[in-house]
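Work through the exercises below with the sequence and the 3D structure in view. Try each task before reading its solution.

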Amino acid sequence: MTPRKILVLSGPNLDRLGKREPHIYGTQTLQDIYAGLQALAHELGVELSCQHSNHEGVLIDWLNGAEEQGFSGVLINPGALTHYSWALHDSLKGCGLPAIEVHLSNPAAREEFRHHSCVGPAALGTVAGFGANSYALALRGLVLKLG
């Protein structure tokens with residue numbers, strides 16, 4: 001039996017992890033997070049494709065093609081797109097796959113403009129505030145949901 005495939009998308013500025021505001025986002029790089037997530041995926045018996053882009057349209061293109069490429073679910077950290085990208089919301093709803101929104105910090109405990117998510121309502125749920133472990137917790141939750 002072929003393992004389920006999960007698409008992991010990370011949006012704008014997440015390529016700066018480890019350098020960008022480590023007091024908020026931690027010292028791990030995005031590649032460090034992806035490596036840990038790949039190890040967990042192996043334990044859970046799923047395959048991951050981890051992608052990053054600073055460009056909204058690229059993220060949308062990946063989402064729109066995910067089902068046709070055989071993905072079973074999506075983890076998405078939209079970065080700042082969280083707060084204003086209705087296009088990403090629509091793409092997430094329209095992709096036909098269950099998704100979990102992921103955030104390293106807790107947006108609800110930060111600046112007022114970060115309190116609203118356009119993306120969250122299109123997802124099964126949101127995991128936030130656990131640093132790099134947010135990705136791992138979200139992956140575990142998605143795998144349980146997929147059965």
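The exercises go from the whole chain to the sheet and then to two serines.

The model is predicted, so local features need pLDDT of at least 70 and side-chain atom pairs count only at pLDDT 80 or more, while totals for chains, interfaces and linings use all residues. Residues are numbered from 1 along each chain as its sequence is written, and side-chain values use heavy atoms, with hydrogens and water left out.

**Exercise 1. Describe the protein chain as a whole.**

Step 1. List the elements. The protein chain has five helices and five strands. Here helices (H or I, at least four residues) and strands (E, at least two) are DSSP runs, numbered from the N terminus. Read from the N terminus, their order is β-α-α-β-α-β-α-β-β-α.

Step 2. Judge the compactness. The radius of gyration is 14 Å, close to the 15 Å from the globule rule for 147 residues, so the protein chain is as compact as a globular protein of that length. This radius is taken over C-alpha atoms, and the rule is 2.2 Å times the number of residues to the power 0.38. Along its principal axes, the C-alpha trace spans about 45 × 30 × 25 Å.

Step 3. Look at burial. Of the 147 residues, 47% count as buried, where buried means under 20% relative accessible area, exposed over 50%, and partly exposed in between (1.4 Å probe, protein chains only).

**Exercise 2. Work out how the sheet is built.**

Step 1. Find the strand order. The five strands form an open sheet in the order 2-1-3-4-5, with parallel pairing; two strands pair if DSSP finds at least two bridges between them. Strand 2 (46-52) and strand 5 (125-128) are the edge strands, each pairing on one side only. From one strand to the next, the twist averages 20°.

Step 2. Follow strand 3. Strand 3 (residues 71-77) pairs with strand 1 (residues 4-10) in the parallel sense over six bridges. On this side, I6 stands opposite G73, and L9 has I76 as its bridge partner. Strand 3 and strand 4 run parallel and are joined by three bridges; there I76 has E101 as its partner.

Step 3. Check the burial of strand 3. Seven of its seven residues are buried, so strand 3 is largely enclosed by the rest of the structure.

**Exercise 3. Compare the surroundings of S10 and S91.**

Step 1. Place both residues. S10 lies in strand 1, and S91 is in helix 4 (residues 86-94).

Step 2. Is each one buried or exposed? S10 counts as buried because its relative accessibility is 0%. S91 counts as buried because its value is 6%.

Step 3. Find the polar contacts. A polar contact is a pair of N or O atoms within 3.5 Å; within protein, one must be able to donate a hydrogen and the other to accept it, and residues adjacent in sequence count only if both atoms are side-chain atoms. The side chain of S10 makes one with the side chain of Y34 (2.8 Å). For S91, the partner is the side chain of N64 (2.6 Å).

Step 4. List the neighbours, leaving aside residues within four places in sequence. Contact means heavy atoms within 4.5 Å. S10 is in contact with L30, Y34, Q51, H52, S53, L59, N77 and Y135. S91 touches I60, L63 and N64.

How values were computed: Axes fitted to C-alpha atoms, helices over the stretch in contact; angles between N-to-C directions.
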